[in-house]
Amino acid sequence: MRKWLDVLVGCVSLLAIGILLLSFSQVFAENDSFDSLAVSSNVDKITANSPFEITVKDKTNTSNKIVIPLKDGLVYQEQKQGDATIKNDSVNNQLVIEWKSGGEHETILSFVSSKPGTVTLQAFDEAHHVSNTASVLVQNEQKEVKNSQFSNRTIDSAFDNLTPFDQSPYGTIMDAKGNYVSGKAVKKSKEIIPLIYYGKQSSNDIIKNGAPENYPSINSQYAPGTIVKVKNVGFHQGEPCVLAIRIISTKVTMDVFNQFPMSVGRSGDPLKFELEIWVEDANGNEIQDPGLDILLPMKIKIPQLSDGKNRNVVTLLSDRSGISNVLVRDASLSGTGAGSSFLDVSGENYQLLGKAWSNMDYNILYNSTQHLFLSASLQDNNGDIVPYVRYVDYLSCHKLFSASSSDMVMQIPYAPPSTKVEKNEKTVKANFNIDQTLVAQNSSFYPNAFSVDFSMGDLVKANSLYSIQVKDKDQRGVQVSRSSDASTGTISITTNKSVLSQLTNNQLSITGSFDLNTDAPDLINTFQSDGFFHIPIEVANSDQPDMKVKGETLVKMPPPTGRPISQVVSLHSSSDELNPDNLVTDLKSILPQDKIKAVAIKEPRKFEQLGSTSVDVVVESELTHVQGIVTVPVEVKTGDLQLTNVPQSIDFGTVLISSALQDVPVKKTISNLAVQETRYFGKWELGATVSKPITGKVSKKTLGKLFYLSGGEKRPLSNGLQILENGGYTGRKEPLDISKTWNKGNGLILEIKQGEALQEAYQGEITWTLRDAPL
C-alpha cells in the first residue's frame, strides 16, 4: 500500500531581526525518490529582492522534462547556464525545464524572492521522480527609521521596519511634468480612464442602489451592501463613464453634496471601512478590457491624532496583482508630513501607512478587468483597531477620485485610434472614417503636438485625397494641419497643444476618401465574394506609434459595361434567337487585366407587340464574376419574305461522254440560293422555270434535262413553274441556304441520255420564283 507524505508549512518569527521562516508544502510519494535528480543553491541566505542561483541536474540524462513548483513571492529571472528550454507556467505556478537532445541535463537558474522566509525548491520529472530539496533563507533588509515619530516604538510593534514611500520598491515617483523620476517603472498602458469628475453638479450625479440620491449631504450614511454610483466620472470611447462603489463592511460616511473629491470616513466602532470600486459605461455595462487601465486619484490627509506615537492610518489596496503602480508627485514627498507616509506589501495587498500630519496625493493605476478593493482603518502600534472616541479617535482622512485633472500625476496616454468600416457602393473611392478619443490631461502634460497617422498603401491614389473633415463629438470643425509621406503613403493629421487643451475629453472624427488605384496589381487580391474590394487601412497616433490598428474600407466592384448593338426582330419571335455576343461591344472593366464576356439575356421573352422595346444582356467579369447589365434597343417588325440570294452561276463541271444514261449533280455554284422568312407565321414555296434550255455553244443543240431531287422524288424542270422547296419562319440570324445541301442525292441534277452529248460547252438559264404558300 502506497504511503503519502505531507510536508507541512512551518512558521517561526524571529522578532529581533524580523525574519519569517517558511517551507513550501509539497506532496510526493515516499518510494518515488530519485537520487540522480538533484537541485542545489549557490547561497544559504539572501536579502529579499536579491537574486540567487539554483542548479538543477539529471545525472542520468534520461528525463525529458523537469518541473519545479514555485510559491508566492518567488520569481524566475533567467537561465544563467545550460542547454535547455525554460517555460514559466504562471497558470500552474511552476517552472518547466525541457532538456535539449544531445546535451548535458544540467542548468543554472536565477530567482528572486520578495517574501522573507525559507524558500525550499524541489524538482520532479514526468515519472514523478523527486529530487532532494534546496533551501535558501530570505531575510528582510535592515532599515534605518528616519522619522522621529517612530523612534519610541517598541521592538514588537506590528509596524516595525516600514518603508518610507520614497524608498519603497513598490512606489513610483513622478515629476511636475508627469515624467518618471524613480521607483517602480510605470506600466505601459494602451488606454487609461482617469477617475476625474467631469459633470456640472455633483449632487445630481449620485445614484444610490439604482435610484437618485434624494437627500445628498456632506454626511450621507451608507450601510454595508449599498452601491453608490457617480455619473460623469472618467471618459471612454467618446462617452462619460460611471464610477461604482460598493460598501462592503460597516456603515460609512460620504460627502456627496460638495464638489468632488468625495471624502469617505467612519465614526463608530470599529474604525474601519472597506470599499469595492469598479467602472461602468453610461449603459450600466462594466468596463473590462485587459488593455485598459483605471487611474484613481486618492488623497490621504492625516491631521493631528490623539496619540501621534501610537496611531496609524492604514490603507490596504488589493489585489496587488492587478495594481500596476502607486504613484505620487515628487513635490508631495518634500511637503509637510510626507516623511510619515510608508508603502509596503502586506499579503496580497499594498499597504499605505500614514502618521499624523502626513498629506499625500496618490494615483492608483490598476487594470479594468479587476475590481479595486480599498480598506482603511485607524490602528495602534500593535495592529489593533483603535476604539472610537467622539472628536478624539475617528477615521476621516480619505478622499476618492477628483474633479480636477491637476490631481493626475502622470500623463494619460491617448488610446490608439479606431476605424469604422465604410461601404462605398456608388463610386470607386475608398472612404475612411477614423475615431480618435482625447482625454483631459493635467494642464502641464499636454503634448506640444499630437497626430493621427493612417495609410492604405498603394491600393489608393495618394494624390487623389479628397478634402479631409476633422470634427469633434459636437460636429464642430477642429483646427488641424495635414502632411504626407510619399515613400510610405502615410497621411498625418496634426493638432497642437492649445487645441488639445480646449478639446479636453472629446472624440475626433476624421473622414475623407481616396480614388481606388485600379492599376495596382494587388488590388484583385483584396476582392471578396461579397462583391467588395476590402482595402486595408492602418492607423496609429504619435503618442503610441507602435500600437497600430488595422481596419478596412469596402469599395464595391463596379459592374462591367458595354455598348449595345441595336436589333430588329420579328413579331411573335423569341429572344432565344438573339446571340448575346452579337448584342454588345466595347466591353470594359475597371481592372485593366480583366476580361468581360456576354453570358446571357437576363429575362428571355417573346416579342408580341410591334414597335420599340429592349432586352437586357448580362455581361460578366472573368476575374471577379461581378455581373453588369447592358440594355439593347430592339425594334419589333412584322417581317417579310425574301429571296436573299440566287446563284450567279451553276456549274455541273466537266462530264465524260458516256454510252449510258447519266445523272450529273451540281459541282459548284457562284453564290448560293437562300431564302429568309421573317414573318413568324409565314409560309413560302420556291419554284424554278427553265427559261433557256441547256444548249451547246457551237452546235446549238440542247443537252439533257434538268431535274430536282428532294425527299427521294425526282421533279422535272421545264418552261413551266415547278415547285421545288417549301418552308416557314427562318428567323433573322441568317437566311436558309438551300444550295448548301445540294449533292448527288439532293438538289439540282442534269440527266444526259446516251449519244446526246457532244464535246463542247453548254449553258442554259433558270429562273427562280419565291412566293407565299397557303397557310
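## Getting to know a predicted model

Reader: Hello! Does D663 count as buried, partly exposed or exposed?
Author: Buried means under 20% relative accessible area, exposed over 50%, and partly exposed in between (1.4 Å probe, protein chains only). The relative accessibility of D663 is 44%. Because 44% falls in the middle class, D663 counts as partly exposed.

Reader: What kind of model is this, and what do its side-chain values leave out?
Author: This is a predicted model: local features need pLDDT (the predictor's confidence in each residue, from 0 to 100) of at least 70, side-chain atom pairs count only at pLDDT 80 or more, and totals for chains, interfaces and linings use all residues. Residues are numbered from 1 along each chain as its sequence is written, while side-chain values use heavy atoms and leave out hydrogens and water.

Reader: Which residue meets D663 in a salt bridge?
Author: A salt bridge is a side-chain nitrogen of Lys or Arg within 4 Å of a carboxyl oxygen of Asp or Glu. For D663, the N to O distance is 3.4 Å. The pair links distant parts of the chain, 51 residues apart, with D663 in strand β52 (residues 662-665) and its partner in strand β57 (residues 713-716); strands (E, at least two residues) are DSSP runs, numbered from the N terminus. The partner is K714.

Reader: In the salt bridge of K229 and E280, which residue is buried?
Author: Their side chains meet at 2.9 Å, N to O, and the pair joins strand β21 (residues 227-236) to strand β25, 51 residues apart. K229 has a relative accessible area of 22%, so it is partly exposed. With a relative accessible area of 7%, the buried residue is E280.

Reader: How many salt bridges does the structure hold?
Author: Another of them is the pair E677 and R679, at 2.6 Å from N to O. In that pair, E677 is buried at 0%, whereas R679 is partly exposed at 22%. Salt bridges that share partners also join K299, D361 and D407 into one network. The number for the structure is 23.

Reader: Which residue in β41 stands opposite L438?
Author: Strands pair if DSSP finds at least two bridges between them. An open sheet of four strands has the order β34-β36-β41-β38, with antiparallel pairing. Within it, ten bridges join β36 (residues 429-438) to β41 (residues 506-515). Opposite L438 stands N506.

Reader: What is the phi of N49?
Author: Most residues other than glycine have a negative phi, so a positive one is worth a look. N49 lies in the loop between β6 (45-47) and β7 (51-58) and is partly exposed, with a relative accessible area of 41%. Its phi is positive, near 70 degrees.

Reader: Which residue does a cis peptide bond join to D269?
Author: Most peptide bonds are trans. The bond after D269 is cis, with omega of about -10 degrees. Its second residue is in the loop between β24 (262-266) and β25 (272-280). That residue is P270.

Reader: What is the average pLDDT of the chain?
Author: Over residues 1-33 pLDDT stays under 50, and residues 142-156 stay under 50 too. Where pLDDT is low, the predicted coordinates should not be read in detail. For the chain, 93% of the residues score at least 70, and the average is 88.

Note on methods. Contact means heavy atoms within 4.5 Å.
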